[in-house]
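Reader: I have a few labels to challenge. Show me the model, and let us test each one against its cut-off.

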Amino acid sequence: MDTRIAPGFDLAAIRRDFPILGTTVHGKPLTFLDSGASAQKPRAVIDAMTRCLETAYANVHRGAYHLSETATEAYEAARIAVQRFLGAAEPEEIVFASNSTAAINLVAHSFGRGVLKPGQFVLTSEMEHHANMVPWQMLRDENRGIGLRYVRVTDRGELDLEHLAAQLADGKVGLVAVTHMSNVLGTVTPAAQIARMAHEAGAKVLFDGSQAAVHRHVDVKAIDADFYVFTGHKLYGPTGIGVLYGKRALLNAMPPFLGGGDMIASVTLERTTYAEAPARFEAGTPPIVEAVGLHAAVDYVNGIGMEAIEAHERALVDHAMATLTAVPGLTLLGTAQDRGGVFAFAIDGVHPHDLSTYLDRHGIAVRAGRHCAEPLHERFGVDGGTTRASFGLYTTPEEIDLLAAKLVDARKFFA
Ligand SMILES: Cc1ncc(COP(=O)(O)O)c(C=O)c1O
């Protein structure tokens, strides 16, 4: 038995579910280590979307005919699947957006502009993906009197909770918006503790779960999140769909973001009244086929079990920690206690873009650059960027070994 694979985790069978994993790149078997950017899709997702397009497709919420009713049922069933996946109380708390970025922008527009008051602050962190930083800078720069603060990151790559407490102390923070797992450092943040601290200071809390929801069992009620977002394509689902969870009363207290069809209660030439959430935030034709695909993805990961996925990943992380840090000249960004399968590193004397091109020649797909987290790279003094290997539920220990071996070769090659 391979002790690097969690007991009972049938990795070979799982890999067979992903058609792309059987393909080659430059004549080499594909070693896909960029799931943090976007994950590959299992046959179940591909088939569900094809089936929908071939047999059950029509616009939703509009037609009083069979096909439209079938599509509407499928779309709403996806909402229920996501509600259960996140442990939300009601399906009305699940809003579909086009991705995490759109979901966070929705909160920045509706909650930021409609609920936050002049003199209040949004508190985010140095560790954020630009998706959870730029919308708050845009809000600040509109001169509505809403400020922006950042929580520092420690040298280990963890959120500095003392600094978080200090930033909350004056009671002026209206919203804490932080990541639940860093897409660069792999750090998993203590969400329940952060939510408690935010609430005690009178603030609401939003978690960017774009990475965490893929790697960990998430329960928004247990965390007591006010908002939680994730994106379909990282969770083995399609692009074009993301999720905003919001507590129902909070969503219904927020003004709409986009106006148009589907989000209204009534419209006259003089005025419009708005539907309640989630319809209020889903103007226009929604991502119907994508919702069907996301539903299939949620069913797929539930079928394996998020706990089993997490255990597999913990084993991979331990293996990667030992293997990658043994590579000469490798500097790892972040050594947080609680971390997932995302490893950003620099190799002495090798530019990340050269390195990723070299690895690609060996069939290994990694990401090079600053991974939409430029301030975090600056914080760690690696403005030139890093190379990032990120795991999915199909990642094997052998792939990590291959990466480590090719990193050693690359360093010699570029010396
Ligand atoms: C932590 C984090 N937040 C937000 C995003 C943005 O996701 P999307 O591009 O699907 O909106 C990403 C994607 O890389 C991410 O890793």
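Reader: Which residue of β17 does A344 stand opposite?

Author: A344 stands opposite R388 in β17. The model is predicted, and the pairing is computed from it.

Reader: What makes β14 and β17 a pair?

Author: Two strands pair if there are at least two bridges between them. Four bridges join β14 (residues 342-347) to β17 (residues 386-390). The criterion is met, and these two strands run antiparallel.

Reader: Which sense does the pairing of β13 and β14 have, and over how many bridges?

Author: Antiparallel, over three bridges. At least two are needed, so β13 (residues 330-332) and β14 count as a pair. Here L332 stands opposite F345 in β14.

Reader: Why is β14 called largely enclosed?

Author: Because five of its six residues are buried. Buried means under 20% relative accessible area.

Reader: How many residues of β5 are buried?

Author: Four of the five residues in β5 (residues 121-125) are buried, and the strand is mostly covered.

Reader: What makes β5 and β6 a pair, and are they parallel or antiparallel?

Author: Five bridges join β5 to β6 (residues 147-151). The requirement is at least two. The two strands run parallel, and S125 stands opposite V151 in β6.

Reader: Now the cysteines. Is C52 buried or exposed?

Author: C52 has a relative accessible area of 6%. The limit for buried is under 20%, so C52 is buried.

Reader: Why is C372 called partly exposed?

Author: Its relative accessible area is 29%. Buried would need under 20%, and exposed over 50%. C372 falls in between, so it is partly exposed.

Reader: How many disulfides does the structure hold?

Author: Zero. A disulfide would need a pair of cysteine sulfur atoms within 2.5 Å.

Reader: On to the ligand. What makes the H233 approach a polar contact?

Author: A polar side-chain atom of H233 lies 2.7 Å from an oxygen atom of the ligand. The cut-off is within 3.5 Å, so this counts. H129 also qualifies: one of its polar side-chain atoms lies 3.2 Å from a ligand oxygen. For S210, a polar side-chain atom lies 3.2 Å from a ligand nitrogen. The protein covers 89% of the 390 Å² of accessible area that the ligand has on its own.

Reader: Which residues surround the ligand, and how do they divide by class?

Author: Among them are N99, S100, T101, N183 and T231. By class, the shell has one nonpolar, nine polar and two charged residues. A131 is in the shell, and Ala counts as nonpolar. D208 and K234 are there too; Asp and Lys count as charged.

Note on methods: Residues are numbered from 1 along each chain as its sequence is written. This is a predicted model: local features need pLDDT of at least 70, side-chain atom pairs count only at pLDDT 80 or more; totals for chains, interfaces and linings use all residues. Side-chain values use heavy atoms; hydrogens and water are left out. Buried means under 20% relative accessible area, exposed over 50%, partly exposed in between (1.4 Å probe, protein chains only). A residue is near a molecule or strand if one of its heavy atoms lies within 4 Å of it. A polar contact is a pair of N or O atoms within 3.5 Å; within protein, one must be able to donate a hydrogen and the other to accept it, and residues adjacent in sequence count only if both atoms are side-chain atoms. Accessible areas come from the Shrake-Rupley method with a 1.4 Å probe; for residues, only the protein chains shown count as cover.
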